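Hi,

Here is the structure I said I would pass on. Have a look at it first, and then read my notes underneath.

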Amino acid sequence: MNKLLNDPEFLTFCETAMPVEVVEKFTNNIRGLENIALRSIASRNKLPANVVNFLLAYFYSHYGNQVYNRNDLARLYDYWASNDVRTMAKAAEMANEDIEKILNTLK
């Protein structure tokens, strides 16, 4: 797991940041691909905002400057929602899982 995901200051940042601000921490710039991925989860409202920010950090710490399937973020979001991730502690636990393995099983 990316060490930033364990940083108390970053966790505090996740409490109040906008999702795009979180993505900007892990990418050099916001591409069209990121905008599409962010829109895919924007209206789902299944996870608390701070958990969504942590999910974005988990996702983009791995895929930050790569091309990825634009539906992967939504799949991961739904996976976390189905696992009832409602707290930062549970989000940190979920972030210990291998993201590649999760996404491969969800396709």
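Below is what I found when going through it, starting with confidence and ending with two loop residues.

Keep in mind that this is a predicted model. Confidence looks good on paper: the chain has a mean pLDDT of 92, and 99% of its residues are at 70 or more. Helix H5 (residues 72–82) comes out highest, with a mean of 96, while helix H3 (residues 32–42) is lowest, with a mean of 91.

H3 is a nice place to start. Its buried residues are Leu33, Glu34, Ala37, Leu38 and Ile41. They span an arc of only 130° around the axis, so they sit on the same side of H3. The spacing fits the textbook picture: an α-helix has 3.6 residues a turn, so residues three or four places apart point the same way. Turn to the other side of H3 and you find Arg39 and Ala42, both exposed. What does the buried set of H3 pack against? The partners are helix H2 (19–26), helix H4 (49–63) and H5.

One name in that buried set is worth a second look, namely Glu34. This H3 residue has a relative accessible area of 0%, so it counts as buried. Which side chains does Glu34 meet through polar contacts? One is Arg31, at 2.6 Å, and another is Tyr68, at 3.2 Å. If you set aside neighbours within four places in sequence, Glu34 is in contact with Val23, Asn29, Tyr60, Gly64 and Tyr68.

Thr27 is another polar residue to click on. It belongs to the loop between H2 and H3, and is it buried or exposed? Its relative accessibility is 7%, and because the cut-off for buried is under 20%, Thr27 counts as buried. A polar atom of the Thr27 side chain lies 3.1 Å from the backbone oxygen of Val23, and the side chain also reaches the backbone oxygen of Asn29, at 3.3 Å. Again leaving out neighbours within four places in sequence, Thr27 is in contact with Tyr60, Gly64 and Asn65. Tyr60 and Gly64 also turn up on the contact list of Glu34.

Now for the largest nonpolar core, which holds 36 residues; Leu56, Phe59, Tyr60, Leu76 and Trp80 touch the most other members. Two or more residues come from each of helix H1 (8–16), H2, H3, H4, H5, helix H6 (88–94) and helix H7 (99–106). H4 contributes the most, with 10 residues. Trp80 is a good one to centre your view on: beyond its neighbours within four places in sequence, it is in contact with Leu47, Val51, Phe54, Leu55, Tyr58, Val85, Ala91, Met94 and Ala95.

Last, two backbone oddities. Asn45 is not a glycine, yet its phi is positive, at about 50°. Asn45 lies in the loop between H3 and H4, and with 67% relative accessibility it counts as exposed. Asp84, also a residue other than glycine, has a positive phi near 50°. You will find Asp84 in the loop between H5 and H6, where its 53% relative accessibility makes it count as exposed.

Cheers

Definitions and conventions. Residues are numbered from 1 along each chain as its sequence is written. This is a predicted model: local features need pLDDT of at least 70, side-chain atom pairs count only at pLDDT 80 or more; totals for chains, interfaces and linings use all residues. Side-chain values use heavy atoms; hydrogens and water are left out. pLDDT is the predictor's confidence in each residue, from 0 to 100. Helices (H or I, at least four residues) and strands (E, at least two) are DSSP runs, numbered from the N terminus. Buried means under 20% relative accessible area, exposed over 50%, partly exposed in between (1.4 Å probe, protein chains only). The arc is that of the directions from the helix axis to the C-beta atoms. Contact means heavy atoms within 4.5 Å. A nonpolar core is a set of buried Ala, Val, Leu, Ile, Met, Phe, Trp, Tyr and Cys residues joined through side-chain atoms within 4.5 Å. A polar contact is a pair of N or O atoms within 3.5 Å; within protein, one must be able to donate a hydrogen and the other to accept it, and residues adjacent in sequence count only if both atoms are side-chain atoms.
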